[in-house]
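Please take a moment with the sequence and the model below before reading on. The paragraphs that follow lead through two pairs of packed helices and two loop residues.

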Amino acid sequence: MPTSIRRLATTAAADQVITKEEAQQLVARATADGKVTSYERAQLRAALAQHHDLFTADARRAVDEVLSPRPPPPGQTVALDPTPSQRPVFLSADGGFTVNASGAAPRTPVEQGEALFRAGELVDNARDNVFAALPEATRAKAFAQLERHLAVTPPPAGLEARQALQARASAGAVLLHLLEGTKEPQLQATMLAAYERLVRAEPDKRLQENLVFHLSNSSAARSGPAKQVAASLMEALAPLSPPYAKWFANGNSTVKLDWQIGDEFVDGFRRMLTTAGWRETQPGSGVYQKAFTEPGVGETKFELRTRLAGGSNLLEKLGDPGVHIMGYDGHASWGKNQVRSIKSAPRPASGGDGQLFFSNLCVGKSQLDAFKETFPNLQVATTYGSSAVDTDIDGLARLIAKRAKWTDINPFLDRVDGERGRDNFITPASTLVREQVLDRDNDGQADYLDKHFNVSTFNVATDTAREFRPVKQDRPAALLDGTKIHIAAQVLNTVSEFSGILKQVNEHSRVLPGGWFEPDAGDVEVVRFEKVKGRDGQPEYRMRVNARYAHMSEEALRATCVFEFNRFLQASGEQRLDPVDRKLAAVISFAQSLDIDDSFRDDEVFTNFLARYNLPPIPRGDIQALLDAEHHDYAGNQAMVNALKAKLAPGVLATLKKPEVGEPVRYV
């Protein structure tokens, strides 16, 4: 291991003076890999602070030049100091973004899009603003170059519509970062106006909402004009109420509801309606009516059709002008009831405008992104976690009769969801919570953390492959954000509950996230598990992830952790399965974790996972068919393992018997 900056400084200070030559050794250690990371800068600052009176003037200047680099002279190409987990991107002399270190302009629209994409990824992950230290003239040039990518126009020749969407998204993320790094009022005002134009003109609702949220959450919008713009955009995009204007247009006073209920809940649901004074129009019809009269509003009538849930047709009334609210009270089937319903639903040109879908099931948040992507104008209210009770239709109807806003409906829904006093319901006005659970771009990272709307269209295969390669980060493990590990641990716990194999050891969600670990030289492990005794005396599994994989998406990480848990159980002897069965069970669990969301790049993630763990080609389609056919152990069981073995070629099964197969490949 190379000598650390701290140790070099201690050695240099032994004779009570640190010379220029010794300071240059510190600098050489910090710049050995061609860039100075945040951690290395922190070490240099610590050395200056500890030995401040021992540095000669020349020695201090040598270190200061690294800690506070001067802005590049005009006309020079600027490397935007990407973190090691990012691919390099440069700012040319005229302010253009380029992948070429020479500053040469992109040669094709695709190369230009790739440069913007890299810049968007960079600013999304940067600790400090990458533009703040640049001269005003350089930032003005960068803005001028960005402007031509902001307009919503037909895609340039050579770009598909999806790639043009990515270019606008990347330009928007970079523009916001540039706005945050600009303090000159006039230039900032020009940038803000351009950002607002981009948002208002953007036809893709997912990107539009992403841009609005991150402006509202930006340091630039804490006061002044940016705060006002953010507030006006948020008001336009986040509905404050159910679509009353559509429901009560042209003198209509009747709200029509179509409510599907799971078979074990339907009788109790109907009894609850009868007890609350709802009248069944005809015995056995399942159609109930009630009217409410509210001061200042008048009478509002409700007609509620109840019926047994079909499981995959919850949205069949989408676009039906005779239905205002579609509702569901029932099980989620691991979210598949909603996923299948979204896939089989009508596709009205309105995008669901004027309708509300209310789903009272467990963990409805998982499909919010799919709703937004497929039906951008549909209002959706659903649950964050597991749900405790049937929907209080009577109370909800009374609030609608009062024309209550979501800010009043939200607390009511949470009040009736058991006695736990939790915020379990997510409505269209739950802006912050929605950002924490939505992943509009399906890149595996919650929108709350994800400033860069990333549909990864330029180098999907390359970018996905990089996730499975170890990369030295620019911060020590203790300083890396551990949100993805926390989410991965919770997904692993949930997968265990729905796995006929894993629930034997982890039925009660005993995996706890333990953060990142700094790997030793040559360490190939991606995830480490340690079985310990918990505070209640029961076993727990502490899960830590190799810091070299901090750049891995949440999507890939959570699936990898599921696979690694299977490896740990086999290696530790916690569970003893036939080795081939264990490997296939782990692969099935990996595929099931990918199936939780509706990502467009599951095939790329799965293919790179197989390569990372030295596994033979196993058709994901065969696994998906088994997952789709299962109605209880959604994350796998021995019967699914046996069925998969029967589908695999003899050569694949022979390969799976080798001990090195299913183990992480060593990357230099």
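The place of N250 is in the loop between α11, which covers residues 244-247, and β4, which covers residues 254-261. The model is a predicted one, and in it the phi of N250 is near 55°, a positive value in a residue other than glycine. Is N250 buried or exposed? With a relative accessible area of 85%, N250 is exposed, because a residue counts as exposed when that area is over 50%.

A second residue of this kind is found at Q16, which lies in the loop between α1 (5-12) and α2 (20-30). Although Q16 is not a glycine, its phi is positive, at about 70°. Q16 has a relative accessible area of 56% and is therefore exposed.

The helix that comes before this loop, α1 (5-12), also takes part in a packing arrangement. Helix α3, made of residues 38-50, packs with α1 at an angle of about 20°, and the axes of the two helices are 9 Å apart. Because angles under 35 degrees count as roughly parallel, α1 and α3 are described as roughly parallel to each other. The crossing in which α1 passes α3 is right-handed. On the side of α1 the contact is made by I5, R6 and A9, while α3 contributes E40, Q43, L44 and A47. Divided by class, the residues of this contact between α1 and α3 are four nonpolar, one polar and two charged.

Another helix pair is found further along the chain, where helix α21 (residues 554-572) and helix α22 (residues 579-594) have axes that come within 8 Å and cross at roughly 160°. How are these two helices oriented, roughly parallel or roughly antiparallel? The angle makes α21 roughly antiparallel to α22, since angles over 145 degrees are counted in that way. The crossing of α21 and α22 is right-handed.

Many residues can be named for this contact: from α21 they are E555, A556, R558, A559, T560, V562, F563, N566, L569 and Q570, and from α22 they are P579, R582, K583, A585, A586, V587, S589, F590, S593 and L594. Sorted by class, the contact of α21 with α22 has 11 nonpolar residues, together with five polar and four charged ones.

Technical notes
Residues numbered from 1 in each chain as written. Predicted model: local features only at pLDDT ≥ 70, side-chain atom pairs only at ≥ 80, totals over all residues. Heavy atoms only, no water. Helix = DSSP H or I, 4+ residues; strand = E, 2+ residues; numbered from the N terminus. Buried < 20%, exposed > 50% of the residue type's maximum accessible area, 1.4 Å probe, protein only. Axes fitted to C-alpha atoms, helices over the stretch in contact; angles between N-to-C directions. Parallel < 35°, antiparallel > 145°, perpendicular 65-115°, else oblique. Left-handed = near helix turned anticlockwise from the far one by under 90°. Contact = heavy atoms within 4.5 Å. Nonpolar A, V, L, I, M, F, W, Y, C, P; charged D, E, K, R; others polar.
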